[in-house]
Amino acid sequence: MCEFPEVEEYEVAFPSPKPKTRRPKPSGKSPLRVVHYSDIHIDPWYTEGADANCTKFICCRDYNDEPAPGHTFRPAGPNGEHTCDSPVSLEKSMYEAIKTFVPDAAFAIFTGDIVDHAVWNTTIAQNTLDVTDAYNRMANSGFQVYGTAGNHEASPANSYPPLSVSSSTQWLYDVLSSSWMRWVEPRAVDAARKFGAYSTKYPDGNLRIISLSTNLFYVHNYWLYEEPMEKDPSGQIAWLIEELDAAEKAGERVYIIGHMSIGARDAFHDASNYLDQIVNRYEATIAALFFGHTHFDEFEIAYSNYSQRIADNAVAVSYIGPSMTPTSGLPAFRVYDIDPVTFGVLDVTTYVTNMSDSSFQSPEGTVWKKYYSARETYGALVEPPLAPLETEDGQSEEETRELDPAFWHEVTKVFEEDPAALDEFISRKRRGWQPSICDDDDDDDACRKAEICKLRAGRAQDNCIPPGFIRLVGKLGEEDASAGPVATKLGGQQHECGGSVLAETLGSVAGDPEIRAWLEMLINEDYDGRIL
């Protein structure tokens, strides 16, 4: 319920000075294809025919005190419902779709969250089974998978203590490392067993994959609340610097993957600031970053100067993948066209299955289709427009321009100038399902500014969605983009992955005008005896 404290200034030390080299130019060679899926949230108790509109926190389960299957108001279909986490059938259909659309995929990136949202009812035994089964299904589908630890994999959820505090999550690190070892180098398993991260070389190219445990920077991981708070829980930041410095010296490009993005509003500001310093130092080595957690189809830009966020200062892009679980939109996965030499991202294509289509609940399985291509959709908006991506060697630099940090900043400039383009982006975040767009009312300008600010927030301290109580109620008289109903409108999208139920409850209560006035008095300490 509190605002974040000011960031404690700390200059991260690096073992070598930053070189003058910049991002390499595209090679013009035929691209590789890489798959990205996230937040599958499999519910092992999903029951076809159970009530999909129940009185419980999670529906589509056969509760003893709820109507039995066959006697429900809204029976759950076999392949999933928007009110429920995912059945295994939906997960399997996604893997089949991936094999159909991308039979030549170089590898897949999975950015975490396997376990369902029944966070009050997890056990180590069940989470072990859930995590192991999910990775076995991925392996049986024939993918080379680079995974990362989601906040829901732990039991209790979000529980990732630093090594200096407790070893109570060692069981999960053992489970994850056993699942990942089929795809990563043997040396990578050591870090995985220590704190749930690893660094491994892609065997068919000059690329290194570094998987971070972003749970060690997550505000809902209450193990981190110490006084003083550790600057580097479990030594992961120091380890990351060592791996990036070695990659730079070896001339490798690097993908950083994790569950929660570095600039997410629920990342600790201090840790995010330190990680952003690392991204800036190794900007020429880091080809891209990939995350999930928000359940939305979006991105995030890091800058060398956050007081002047312009294209020339944009240094890195975090690609935040949409969820497979249908609670926040149509189930989705992404496919990236990748330069095989520089490993820069040339295009991002999102695929979905339409749950409103009559074929979705078919016994034969769901139908997946292309939703949109970022190059086709956003490349047409910038000046000069991006040329279509070809699939043969020998393309010109114009034809193979990477979707680099400067490009994505240019896209946000278009959003500033064209509200309709921004509204379409916001709609795509949920893949067109119940889009939450900025209304044409007195707050629409502030709403759009906050959304653009969030896209330009490679550091959490620059994210315009404030925390908890302040986010949901707003401060009386504030005129910035985080105030009042705007914060409610945007911030209400941010709790798909294990946020505070108390904050959500207070946000609903604050909708009452009288209660809201009281809360605003409370926030502004404008009591004058009136509360008593």
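**Buried annotated sites and helix packing in a predicted chain**

With a relative accessibility of 0%, Asp113 counts as buried. The model in which this residue is described is a predicted one, and Asp113 is found there in the loop that runs between strand 2 (107–110) and helix 2 (124–140). The chain around Asp113 has 532 residues, of which 60% count as buried, and it contains 14 helices and 12 strands. Among the contacts in the chain with a separation of 6 or more, 73% are accounted for by residues 24 or more positions apart.

Asp113 appears in two sets of annotated positions. In the first, an unreviewed UniProt entry lists Asp113, Asn151, His259 and His293 under "binding site". These residues span 181 residues in sequence, yet no two of their C-alpha atoms are more than 8.5 Å apart, so they gather at one spot. Asn151, a member of this set, lies in the loop between strand 3 (145–147) and helix 3 (170–180); because its relative accessible area is 1%, Asn151 is buried.

In the second set, the unreviewed UniProt entry places the feature "binding site" at Asp39, His41, Asp113 and His295. This set spans 257 residues in sequence, yet no two of its C-alpha atoms are more than 10.7 Å apart, so these positions too gather at one spot. His41 has its place in the loop between strand 1 (32–37) and helix 1, and with a relative accessibility of 0% it counts as buried. His295, in turn, is placed in the loop between strand 7 (286–291) and strand 8 (298–303), and His295 also counts as buried, at 0% relative accessibility.

Another loop residue, Ser261, has its place between strand 6 (253–257) and helix 6 (269–281). Ser261 is buried, its relative accessible area being 3%, and when residues up to four places away in sequence are not counted, it touches Ala267, Phe291, Glu300 and Ile320.

The packing of helices was examined for helix 1 and helix 2. Two packed helices are described by the angle between their axes and by the distance between the axes. For helix 1 (residues 88–101) and helix 2, the axes come within 10 Å and cross at roughly 30 degrees. Angles under 35 degrees count as roughly parallel, and helix 1 and helix 2 are therefore roughly parallel to each other. The crossing of helix 1 and helix 2 is right-handed. On the side of helix 1, Val88, Glu91, Lys92 and Tyr95 take part in the contact, and they meet Ala134, Arg137 and Met138 in helix 2. The residues of this contact divide into four nonpolar, no polar and three charged.

Further along the chain, Leu381 lies in the loop between helix 7 (374–377) and helix 8 (405–417). Leu381 is partly exposed, with a relative accessible area of 35%, a value that falls between the limits of 20% for buried and 50% for exposed. Leu381 touches Val414 and Ala421 when residues up to four places away in sequence are left out. Leu381 and Ala421 are 40 residues apart in sequence, while their C-alpha atoms are 8.9 Å apart in space.

Ala421 is one of the buried residues of helix 9, which also include Leu422, Asp423, Phe425, Ile426, Ser427, Arg428 and Lys429. Eight of the 11 residues of helix 9 (residues 419–429) are buried, so this helix is largely enclosed by the rest of the structure. Just after helix 9, Arg431 takes a positive phi of about 60 degrees.

The loop between helix 10 (444–455) and helix 11 (468–473) is the place of Arg456, which counts as buried at 10% relative accessibility. Not counting residues up to four places away in sequence, Arg456 touches Ile301, Tyr303, Tyr306, Arg309, His409, Thr412, Lys413 and Glu416. Arg456 and Val317 are 139 residues apart in sequence, and the distance between them in space is 9.5 Å, C-alpha to C-alpha.

Definitions and conventions:
Residues numbered from 1 in each chain as written. Predicted model: local features only at pLDDT ≥ 70, side-chain atom pairs only at ≥ 80, totals over all residues. Heavy atoms only, no water. UniProt positions renumbered as here; feature names shortened; annotations may be inferred. Helix = DSSP H or I, 4+ residues; strand = E, 2+ residues; numbered from the N terminus. Buried < 20%, exposed > 50% of the residue type's maximum accessible area, 1.4 Å probe, protein only. Axes fitted to C-alpha atoms, helices over the stretch in contact; angles between N-to-C directions. Parallel < 35°, antiparallel > 145°, perpendicular 65-115°, else oblique. Left-handed = near helix turned anticlockwise from the far one by under 90°. Contact = heavy atoms within 4.5 Å. Nonpolar A, V, L, I, M, F, W, Y, C, P; charged D, E, K, R; others polar.
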